[in-house]
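Biologist: Please take a close look at the surroundings of a single aromatic side chain, and then follow the neighbouring parts outward as far as you think is useful. I would like one connected account rather than a list.

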Amino acid sequence: MNKRVLALTSALGLAACGGGGSTGTGSVATSGAPLVPASASLTIVVPRAPASAKRRPQFVSPNSSSISITVVSVNGNAPTAAQAPVNPTTVALSTASGGNCTVVPAGETCTVPLPVPTGAVQYLFQLKDNAAHVLAKNTVTFTIAAGVANQSFSAQLDGVVASVTVTKPALTPGTSFSGPITVQAFDASGALIVGSAPYANPFTLTDNDLTNHTSLTLNAQTAKTVGPVSSPNDVVILNYDGGVEPPFTITATIPPG
C-alpha cells in the first residue's frame, strides 16, 4: 500500500463539515447549554482499479478492506476507558447494503466513525487487507475541541513495504553506463505503492557485483549499499565502468513494517 490522503470530518449533531488542517476551528457555543460531545468521521477514498490508484497523488491500497483506529494518547496521557471505551476499533470497508462505502468514479468513498476525546488526540491509523496485513499506517495528532462544530482534519498514511522488485538495464562490456534503475515497492496484498508519500518502513539496496565494476547512487551517496529508499519518488542510479563481469543482482533489505 505509498501514502494516502484521509479526510477526517468531525461535526456536532447534524452540522456539515468543512475546512481542513490539523487543528479544528469553529465557534464555541455561548448559550450556556451543556456542550454536546463531538462526533467525528473519517472519509477514505479507496481506488479499486489499479489504474485509478496510480493516478492518485497519494497511495491508498486498492486491497484495503478495513481500518484500525487506535487512540494512542489524549493530551499526552494514555486514554481512559471513558475516553476510548473500545481501543483500538476496527471498521470494515464495505459497499454492501448497510455498509459505509459508496461507489464513485475513483473507486469507493468510505466513511467511518472516529473516537473523539476532547483535547490533543494522537491516533494510529492502519489500513488492512482481508488477511489483516497492515498495508499503510501513520500516527497523527489532532486537536478535538468540545462544543465546536464543523471541525475537519486531513492525514496521510504511509505504505508499508512488504517486497521490492528492482529492474536494471542490460549492460554491454566495453560500454560504460550511468542511469536510473526501476525500483518498485509492494504492500503485503501485492499492490504497487505509488504516490509521493514516504514509505512507512524505508529500505536499503545492495549491489552484489563482486567485481566492483558497478555501484549505486542515491541522494549523492555512491556505494555498494545505499539507502534509505524513502519513497516512490527516490531515484536510484546504477553506475557501470564497462568492465567485464558475471551476472549480478541488486537486493533490498526491508525492515519490519
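**An aromatic side chain and its surroundings**

Modeller: Phenylalanine 203 has a relative accessible area of 1%, and it therefore counts as buried, since anything under 20% falls in that class. The model is a predicted one, and what follows should be read as a description of that prediction.

I begin with the strand that spans residues 203-207, which is β13. It belongs to an open sheet of three strands, arranged in the order β16-β13-β18 with antiparallel pairing. The outer positions are taken by β16 (225-229) and β18 (250-253), each of which has a single partner strand, so one side of each is left without a neighbour in the sheet. From one strand to the next, the twist of this sheet averages 25 degrees. Between β13 and β18 there are four bridges, and the two strands run in the antiparallel sense; along this pairing, leucine 205 faces alanine 252 of β18. Strands of a sheet are held together by hydrogen bonds of the backbone, in a parallel or an antiparallel arrangement.

The aromatic rings come next, and here the search covered the whole structure and returned three aromatic pairs. One of them joins tyrosine 123 to phenylalanine 142, with the ring centres 6.0 Å apart and the planes at 45 degrees, which makes the pair tilted. Tyrosine 123 is part of strand β7 (residues 119-128) and phenylalanine 142 is part of strand β8, so this contact ties together parts that are 19 residues apart in sequence. Neither ring is left open, because tyrosine 123 has 0% relative accessibility and counts as buried, while phenylalanine 142 is buried as well, with a relative accessible area of 2%. Another of the pairs brings us back to the starting residue: tyrosine 199 and phenylalanine 203 are also tilted, with 5.5 Å from centre to centre and 40 degrees between the planes. Tyrosine 199 has a relative accessible area of 5%, and so it too is buried. The rings of Tyr123, Phe125 and Phe142 form one aromatic cluster.

A further ring takes part in a contact with a charge. The charged end of lysine 168 sits over the ring of phenylalanine 248, at 4.4 Å from the centre of that ring.

Strand β8, which covers residues 134-144, also holds threonine 143. With 34% relative accessibility, threonine 143 is classed as partly exposed, whereas phenylalanine 142 in that strand is buried at 2%. As a general point, side chains in a regular strand alternate between the two faces of the sheet. Threonine 143 can also be placed relative to valine 74, which is 69 residues away along the chain: their C-alpha atoms are separated by 9.4 Å.

Elsewhere in the model there is an open sheet of four strands, ordered β11-β17-β14-β15 and paired in the antiparallel sense. Its edges are formed by β11 (177-180) and β15 (221-223), each of which pairs on one side only, and the twist from one strand to the next averages 20 degrees. Three bridges link β14 (residues 214-218) with β15, again antiparallel, and leucine 218 stands across from glutamine 221 of β15.

The last region to consider is the one around strand β6, residues 107-114, which is joined to the antiparallel strand β2 (residues 39-46) by seven bridges. Within that pairing, serine 41 has proline 113 of β6 as its bridge partner. Strand β6 also pairs with β5 (residues 101-104), through four bridges and in the antiparallel sense, and the connection from β5 to β6 is a hairpin of two residues. Across this pairing, cysteine 101 stands opposite cysteine 110 in β6, and these two residues form a disulfide with 2.0 Å between their sulfur atoms. That spacing satisfies the cut-off of 2.5 Å that defines a disulfide, and the count for the model comes to one. The link of cysteine 101 and cysteine 110 is right-handed, with 110 degrees about the S-S bond, and both of these cysteines are buried.

Conventions
Residues numbered from 1 in each chain as written. Predicted model: local features only at pLDDT ≥ 70, side-chain atom pairs only at ≥ 80, totals over all residues. Heavy atoms only, no water. Buried < 20%, exposed > 50% of the residue type's maximum accessible area, 1.4 Å probe, protein only. Pairing = 2+ DSSP bridges. Axes fitted to C-alpha atoms, helices over the stretch in contact; angles between N-to-C directions. Phe/Tyr/Trp six-rings, centres within 6.5 Å; stacked < 30°, edge-to-face > 60°. Lys NZ or Arg CZ within 6 Å of the ring centre and 35° of its normal.
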